[in-house]
Structure formats: structure tokens, C-alpha cells
Amino acid sequence: MTASPSVDLVTLGQRLRHLRKSKNMTLEQLSEAVGRAPSQLSMIENGKREPKLSILQAIATALGVPLQDLLRPEAPSRRAGLEIDLAHFQQETAYAALGLPIVRGGRRLPADALESLVGLHRELNRVLTAQSATPEVARKANAQLRVNMRERNNYFPEIEAAAAKVLQSVRYTTGPLSQRGILDIAASLGFSLHYVNDLPGSTRSVTDLKNRRIYLPQVASGKGHDPRAVVLQTLGHFVLGHNDPSDYGDFLRQRVEANYFAAALLMPEKFAAGFLREAKNDRALAIDDFRDAFGVSYETAAHRFTNLVTQHFGIPVHFTRVHESGIVYKAYENDGVRFPSDVTGAIEGQPICRKWASRTIFQADDPYSSFYQFTDTSAGTYWCTVHIESTRSGEFSVTVGTPYEHARWFRGGDTTRRTISRCPDPDCCRRPPTDLVQRWAGSAWPSARVHSHLLAALPPGTFPGVDNQDVYEFLDRRA
């Protein structure tokens with residue numbers, strides 16, 4: 001059996017070398033003590049060979065230290081830490097692409113040269129990360145994330161288990177999670193909540209890790225964020241063991257996981273699945289009932305529905321959040337529906353078919369009442385339930401849909417409203433009717449409302465768009 005895959009071989013080698021030298025042992029002396037060739041031990045010390053646990057145990061015995069001392073994740077000294085960082089940086093593809101030689105971080109390398117090299121590598125990584133944070137990179141990362149979510153039916157058992165463990169620790173029983181319950185959860189995790197009026201504008205919350213304080217706005221942002229969810233999402237990062245995101249894809253993944261964790265606390269799996277089971281047995285599944293039962297927003301209920309309904313009941317679904325202009329802001333599917341996408345596979349920013357329920361609801365006589373629709377598409381017939389949410393950015397339709405044969409489990413599954421979509425055929429809704437073209441072609445000059453933010457690179461930084469100076473000054477004031 002080899003060392004655990006979580007053990008960093010470079011750090012292991014540095015710890016071995018440090019402990020060997022602290023015992024005034026040469027490689028030859030250690031090799032005699034453990035019955036291994038000096039060259040083999042040298043490979044381990046240089047992080048180039050993964051040793052078996054039996055060898056590590058023999059080495060630890062020869063050095064007179066516990067095996068755990070060899071396997072600790074931290075560097076044995078600051079100098080060793082810099083050498084480990086240098087080795088890791090030089091293993092990355094960005095450095096290999098430069099065609100430069102590998103610099104060994106041994107004792108012959110002066111300390112100031114080692115400091116400079118590590119500093120240069122860190123700056124190179126920062127610049128490359130900032131340069132790569134383009135809208136195209138974001139779209140590709142989001143498309144890949146959606147593929148991963150589809151593969152697991154948007155169900156994360158490890159996050160469900162983590163949320164259940166937290167709820168158990170505060171003796172939660174049932175019903176909507178109260179503010180008192182959220183305070184208890186924060187306290188159980190070692191955090192205190194503080195509501196302030198000077199939170200940096202680029203943040204929804206700021207956490208002081210030194211003093212275990214979470215700062216939140218005194219007044220809700222007005223952007224539709226449930227203040228309870230903001231707290232629980234913040235706590236989710238720590239419960240789920242998130243580190244500083246390494247790239248934009250990592251940032252998006254962490255955000256999805258934190259949102260999932262918050263929803264799993266607000267709508268615990270045991271009770272939410274039980275509620276949905278009763279509704280399904282009555283053929284009355286309804287997102288608005290699900291929302292009201294747990295006191296959350298419609299969109300949160302719709303997301304949570306997609307987490308559970310395929311896993312527990314085998315019902316495939318899709319979800320969209322579409323602006324009144326017809327542009328997709330969010331989407332998910334595991335039911336085979338074909339969303340419009342660009343060459344990167346991204347859905348966000350694409351116009352959705354005018355015949356889909358996500359768009360037809362805006363032309364309904366009473367769009368704020370329950371809205372159901374069947375849509376015949378090239379991929380099959382889908383039933384959808386849609387709700388409109390009003391925000392400062394306009395109105396959005398939130399849609400949950402499922403293939404025709406599963407509509408019988410939903411309230412509104414007997415609707416007679418039906419449309420036909422032939423998209424991606426441009427004659428469906430992308431190309432204007434011939435008579436309109438004949439009357440107006442060449443006689444129209446619209447002034448386009450350009451969303452300039454779509455053309456800009458994503459804000460650089462570990463947490464995109466967050467100004468670190470504002471955050472640090474805020475923490476200084478509050479310290």
C-alpha cells in the first residue's frame with residue numbers, strides 16, 4: 001500500500017530530509033537502517049517517488065519519530081516551504097510552456113534568490129489568472145459545471161449529509177428554519193453574526209476568520225436575496241472545506257455548492273422529500289406549494305425541486321431563469337430538452353424560443369397567476385410551470401419543466417395550453433415573417449441597448465469583483 005493520495009510528495013520529501021538532518025544522519029546511514037538503497041531514499045526526498053507505507057514506517061522508526069510526523073501537510077520550516085512552492089510552480093503547465101530550465105531549491109540556492117523566484121512565480125500565476133478571466137472562460141466553466149450537475153442529476157449526497165449533520169447538532173426538528181435556528185447553527189460552527197451598515201459594496205458578507213465573525217448588511221440588498229440564505233451560504237464555505245478558489249471554474253463550483261448547502265438547510269432533504277412524496281401521490285406537485293411550506297423564494301424552491309425530484313422519484317426536469325427580453329440567465333436540464341447554446345456550449349446569454357413557456361407567459365392575460373403549458377419541440381413534448389419574479393433589473397420567468405409523460409404528477413398537468421416550437425429552425429421565431437421583411441427591410445435603424453459589461457473582462461482577483469482593499473479596511477474598522 002502506498003501513501004495516501006492526499007499526501008503531497010514534495011512536502012513529504014522535505015519533511016524526511018529535515019528530520020534526517022536534524023538527527024545528523026546521512027542518506028547512507030538511513031539506507032542501512034531501513035535496508036533500502038540511498039538512491040531510492042533520495043528519490044523520495046526529492047518528491048519523485050511515492051513510497052509504500054511500510055517504507056515510511058521503517059524510516060520513521062529509524063529516525064525515532066512517529067509516522068504522523070512524516071505525513072504532516074505543513075512544511076518543516078519557512079525555507080522548506082519556499083522550496084516546496086518553487087517545486088510546485090515549476091510543475092505547472094504555464095512554466096513548462098516557457099521552455100526554461102528547472103531550478104533546484106537545495107541549500108546551494110541563496111535565500112534571496114529563492115524568495116525572488118517564488119515571488120516571480122506567484123506574480124506570473126496572478127497575471128495569467130487575471131488574463132484568463134474573460135467572458136468566454138466564464139461561459140466554458142459554466143457549461144462544464146452544468147454537465148457535471150446533469151451527470152449527478154443535480155443531487156449532491158455529500159452536501160445533503162453535511163447539512164443534515166449541522167441540523168442535528170442544533171437539534172432541529174421540522175418546519176421552516178427560523179432566525180433563532182440560524183444563530184444556533186452559526187454558534188455551533190464557532191461564528192458570531194454582526195449586522196452592519198458599512199459593508200463593502202462588492203460583497204454580500206465579509207468573514208473575519210481571525211475572530212470568527214460574519215458581517216452582514218443591516219438591510220436586505222433588495223436584489224431578491226434571502227438574508228437567511230446569505231448567512232447559510234457563507235457558513236457553507238467553511239463546512240464544505242472551501243479554500244481560496246484557484247480559477248473561475250473553481251469559484252463557480254464553490255458558489256453552487258454553498259447555494260446547495262444553504263437550500264439543504266432551509267429545506268432539509270428528509271422533510272422536503274416527504275412533502276414532495278405526498279404531493280406526488282396526490283398528483284399535485286407544485287413549486288408554489290413547495291415554496292410556501294418552507295418559507296423560501298420561488299426560485300429557491302424551484303432549484304431545490306431539481307435537487308430532489310429526479311433522485312427520489314425518477315422524474316427528469318429542466319429549469320430556466322429567463323429575462324423578459326428572452327435572454328437566458330440560468331438553466332439546467334437532465335430531461336433532454338435542447339437549450340440554445342453558443343459554440344462553447346454556454347446557454348447563458350442566448351435568446352430562448354418565443355414559443356416556450358418561459359417567453360409566452362409574458363404575453364399572457366394574467367401572467368402573475370399559475371401558468372402551465374405544453375410545448376411540442378424537436379426533442380419531444382414538454383410540460384412547464386412558470387412563475388414571474390420582479391426585480392430591479394426587470395421581470396424574470398422562473399420555469400420548471402418535465403417531459404410529457406411525467407406531467408400527470410403535477411398540478412396543472414391537464415392544461416390545454418399548447419404551442420409548437422421548431423427551433424433551432426430560424427423560421428420558427430428567429431427570422432421575421434416574409435411580409436414584415438418586405439415592408440420594413442432597409443427602412444429600420446434601431447439604436448441598440450448594448451450591455452457593455454458583456455464585452456468587458458471579468459473583474460480580476462481571487463474572488464472576482466471583490467476589492468480586497470475595501471474588505472481589509474472594513475475589517476480594520478471593525479477589529
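**Figure 1. A negative surface patch made of Asp-467, Asp-470, Glu-473 and Asp-476.** This is a predicted model, where local features need pLDDT of at least 70, side-chain atom pairs count only at pLDDT 80 or more, and totals for chains, interfaces and linings use all residues. Residues are numbered from 1 along each chain as its sequence is written, and side-chain values use heavy atoms, with hydrogens and water left out. For patches, the residues need over 30% relative accessible area and no salt bridge; like charges are joined within 9 Å, and nonpolar side chains (Val, Leu, Ile, Met, Phe, Trp, Tyr) within 5 Å. Lys and Arg count as positive and Asp and Glu as negative, while His and the chain ends are not counted. Each charge is placed at NZ of Lys, CZ of Arg, CG of Asp or CD of Glu. One patch member, Glu-473, sits in helix H20, residues 468–478 (helices are DSSP runs of H or I with at least four residues, strands are E runs of at least two, both numbered from the N terminus). Glu-473 has a relative accessibility of 38%, so it counts as partly exposed. The cut-offs here are under 20% relative accessible area for buried, over 50% for exposed, and partly exposed in between (1.4 Å probe, protein chains only). The areas themselves come from the Shrake-Rupley method with a 1.4 Å probe, and for residues only the protein chains shown count as cover.

**Figure 2. Asp-85 and Arg-122, a salt bridge between helices H6 and H8.** In this pair, the closest N and O atoms are 2.9 Å apart; a salt bridge here is a side-chain nitrogen of Lys or Arg within 4 Å of a carboxyl oxygen of Asp or Glu. Asp-85 belongs to helix H6 (residues 78–91) and Arg-122 to helix H8 (residues 111–132), so the bridge ties together parts that are 37 residues apart in sequence. Both ends are on the partly exposed side of things: Asp-85 has a relative accessible area of 24%, and Arg-122 has 44%.

**Figure 3. Arg-253 and Glu-257, a salt bridge inside helix H13.** Here the closest N and O atoms come out at 3.0 Å apart. The two residues are 4 apart in helix H13 (residues 248–266), about one turn of the helix. Their cover is not alike: Arg-253 is partly exposed at 31% relative accessibility, whereas Glu-257 counts as buried at 14%.

**Figure 4. Other salt bridges in the structure.** The structure holds 23 salt bridges. Among them is Asp-292 with Arg-291, whose closest N and O atoms are 2.9 Å apart. Arg-17, Arg-20 and Glu-45 are linked in a network of salt bridges.

**Figure 5. Backbone oddities at Asn-24, Asn-153 and Pro-424.** Most residues other than glycine have a negative phi, and most peptide bonds are trans. Asn-24 has a positive phi near 55°; its place is the loop between helix H1 (9–22) and helix H2 (27–34), and at 69% relative accessibility Asn-24 counts as exposed. Asn-153 also has a positive phi, about 55°, this time in the loop between helix H9 (135–151) and helix H10 (157–169), and Asn-153 is partly exposed at 26%. As for the peptide bond, the one from Cys-423 to Pro-424 is cis, with omega near 15°. Pro-424 is in the loop between strand S9 (418–420) and helix H18 (426–429).

**Figure 6. Two C-alpha separations, starting from Leu-100 and Leu-53.** Leu-100 is in the loop between H7 and H8 and is partly exposed at 48% relative accessibility. Its C-alpha atom is separated by 9.4 Å from that of Gln-90, 10 residues away along the chain. Leu-53 is in helix H4 (residues 53–63) and is partly exposed at 28%. From Leu-53 to Gly-401, 348 residues apart along the chain, the C-alpha atoms are separated by 52 Å.

**Figure 7. Confidence by element, with the whole chain for context.** pLDDT is the predictor's confidence in each residue, from 0 to 100. The mean pLDDT of the protein chain is 86, and 91% of its residues reach 70 or more. Among the elements, helix H7 (residues 93–96) has the lowest mean pLDDT, 72, and strand S6 (residues 371–377) the highest, 97. The chain has 20 helices and 9 strands, and its C-alpha trace spans about 90 × 60 × 50 Å along its principal axes. Of its 479 residues, 43% are buried.
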